[in-house]
Amino acid sequence: MVRRIDVTGAGGVSLAAWEFGDPPKTGDQVGDIAGAGAGQGAAAQAAETSGGHEPRPGVLLLHGLMGRASHWAPTARWLSERHRAVALDQRGHGQSAKPEKAAYTREAYVEDAEAAVEQLGLAPVVLIGHAMGALTAWQLAARRPDLVRGLIICDMRASALGAASQREWESWFKAWPLPFATLADVRKWFGEDDPWVERPSPSRGEFYAEVMHEGPDGWRPVFDPEQMLTTRETWVYDAHWEELTQVRCPALVVRGLDGELGRAESQEMVRVLPHGQYAEVADAGHLVHYDQPDAWRAAIEPFLDSFSD
């Protein structure tokens with residue numbers, strides 16, 4: 001089962017969090033929390049404890065730029081067997097609010113994740129982040145070590161990417177043949193025809209099909225591409241090594257062999273992290289958890305199990 005819990009993020013922005021698995025129970029079952037207020041996630045976790053059961057360790061999953069919480073569904077489902085697994089639609093993404101004048105800054109994204117951990121009663125939490133979500137995760141871990149007990153970084157670089165990278169993204173968004181007539185067209189373009197695709201990738205096509213919605217003229221992204229560029233602009237020009245040195249909890253750096261994070265940089269990230277570990281997934285590109293879900297699980301499950309030893 002999947003339930004929505006509303007979270008209030010930085011500046012009052014409304015965020016949608018999604019909890020996977022059965023709800024906590026006491027003698028009287030805790031009710032359905034779909035659409036519940038921000039305080040009820042913490043209340044449910046407290047109810048689980050008061051019912052005589054050890055609270056399930058909290059895990060917060062943070063998607064990357066243009067992603068959404070549903071991309072974490074396969075991971076969250078197996079996590080929910082032993083953890084309280086929650087995926088967050090970050091501001092401007094999924095079913096969270098997309099106000100034009102809201103802040104799309106690094107600070108705002110980190111504060112949103114912090115609010116989710118606190119309002120949902122997930123601390124001490126393990127943060128699992130992909131790409132932009134991984135950057136948010138390690139920045140939160142550096143900022144609030146009291147909230148975070150573990151960190152998984154999936155295919156996110158610590159180096160500055162620079163102005164050329166941002167210009168490439170601007171050109172790429174302009175190349176999208178919007179609107180798409182059908183979801184099949186979405187899958188084909190992002191999985192085969194997109195000039196950024198080196199070889200056919202059905203999983204990439206499915207990934208982007210999940211972030212489209214149908215309007216009167218066809219299928220368009222649920223996000224505003226201009227907001228995505230604004231969001232990316234707040235980290236693309238800077239390096240983020242210093243914050244890695246401030247992460248005090250155990251941290252696992254995971255890369256796909258064909259992803260954007262190279263082996264040398266990933267191993268340097270592991271070296272810089274005070275308690276860093278390394279894993280890689282074969283036959284996976286940037287969308288590691290989406291490309292190879294079974295291999296992804298095998299890569300991260302031993303790390304997660306170490307917290308229950």
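**Exercise 1. In which loop is the place of Pro179, and what is the geometry of the peptide bond from Leu178 to Pro179?**

Solution. Begin with the position in the chain of this predicted model: Pro179 has its place in the loop between α5 and α6. Then turn to the bond that leads into this residue: from Leu178 to Pro179 the peptide bond is cis, and its omega is near -10 degrees.

**Exercise 2. Locate the cis peptide bond that joins Ala123 to its neighbour, and describe the backbone of Met66.**

Solution. The bond in question joins Ala123 and Pro124, with an omega of about -5 degrees, and Pro124 has its place in the loop between α3 (106–119) and β5 (125–130). As for Met66, its phi is positive, at about 75 degrees, although the residue is not a glycine; Met66 is found in the loop between β3 (58–62) and α2 (73–79).

**Exercise 3. Describe how α6 and α7 pack, and state which residues meet.**

Solution. Two packed helices are described by the angle between their axes and the distance between the axes. For helix α6 (residues 183–193) and helix α7 (residues 202–209), the angle is about 130 degrees and the axes are 7 Å apart. An angle between 115 and 145 degrees falls in the oblique class, and α6 and α7 are therefore oblique to each other. The crossing of α6 and α7 is right-handed. On the α6 side the contact is made by Leu183, Val186, Arg187, Phe190 and Gly191, which meet Arg204, Gly205, Glu206, Tyr208 and Ala209 of α7. Sorted by character, the residues of this contact comprise five nonpolar, two polar and three charged.

**Exercise 4. Explain why the ring pair of Trp172 and Tyr208 is edge-to-face, and find the elements that it links.**

Solution. The structure holds 19 aromatic pairs. In one of them, the ring centres of Trp172 and Tyr208 are 6.2 Å apart and the planes stand at 75 degrees, so the pair is edge-to-face. Trp172 belongs to helix α5 (residues 163–175) and Tyr208 to helix α7, so that the pair links distant parts of the chain, 36 residues apart. Tyr208 is also one of the α7 residues in the contact with α6.

**Exercise 5. Which orientation do α3 and α4 have to each other, and which do α5 and α8 have?**

Solution. Take α3 and helix α4 (residues 132–143) to start with: their axes come within 9 Å and cross at roughly 70 degrees, and the two helices are therefore roughly perpendicular to each other. Among the α3 residues in the contact are Tyr109, Val110, Ala113 and Val117, while those of α4 include Met132, Leu135 and Leu140. The contact of α3 with α4 divides into seven nonpolar, two polar and five charged residues.

For α5 and helix α8 (residues 225–236), the axes come within 10 Å and cross at roughly 170 degrees, which makes α5 roughly antiparallel to α8. Here Ser165, Gln166, Trp169, Glu170 and Phe173 of α5 meet Pro225, Met228, Leu229, Arg232, Glu233 and Val236 of α8. Six nonpolar, two polar and three charged residues make up this contact.

**Exercise 6. State where pLDDT stays under 50, and how these stretches should be read.**

Solution. The protein chain has an average pLDDT of 91, and 89% of the residues score at least 70. Over residues 25–40, however, pLDDT stays under 50, and the model has 31 contacts beyond four places in sequence for that stretch. Residues 43–52 likewise stay under 50, with 18 such contacts in the model. Where pLDDT is low, the predicted coordinates should not be read in detail.

How values were computed:
Residues are numbered from 1 along each chain as its sequence is written. This is a predicted model: local features need pLDDT of at least 70, side-chain atom pairs count only at pLDDT 80 or more; totals for chains, interfaces and linings use all residues. Side-chain values use heavy atoms; hydrogens and water are left out. Axes are lines fitted to C-alpha atoms, for helices over the stretch in contact, and angles run from 0 to 180 degrees between N-to-C directions. Helices (H or I, at least four residues) and strands (E, at least two) are DSSP runs, numbered from the N terminus. Angles under 35 degrees count as roughly parallel, over 145 as roughly antiparallel, 65 to 115 as roughly perpendicular and the rest as oblique. A crossing is left-handed if the near helix is turned anticlockwise from the far one by less than a right angle, and right-handed if clockwise. Contact means heavy atoms within 4.5 Å. Ala, Val, Leu, Ile, Met, Phe, Trp, Tyr, Cys and Pro count as nonpolar, Asp, Glu, Lys and Arg as charged, and the others, Gly among them, as polar. pLDDT is the predictor's confidence in each residue, from 0 to 100. Rings of Phe, Tyr and Trp (its six-membered ring) pair if their centres lie within 6.5 Å; planes under 30 degrees apart count as stacked, over 60 as edge-to-face and the rest as tilted.
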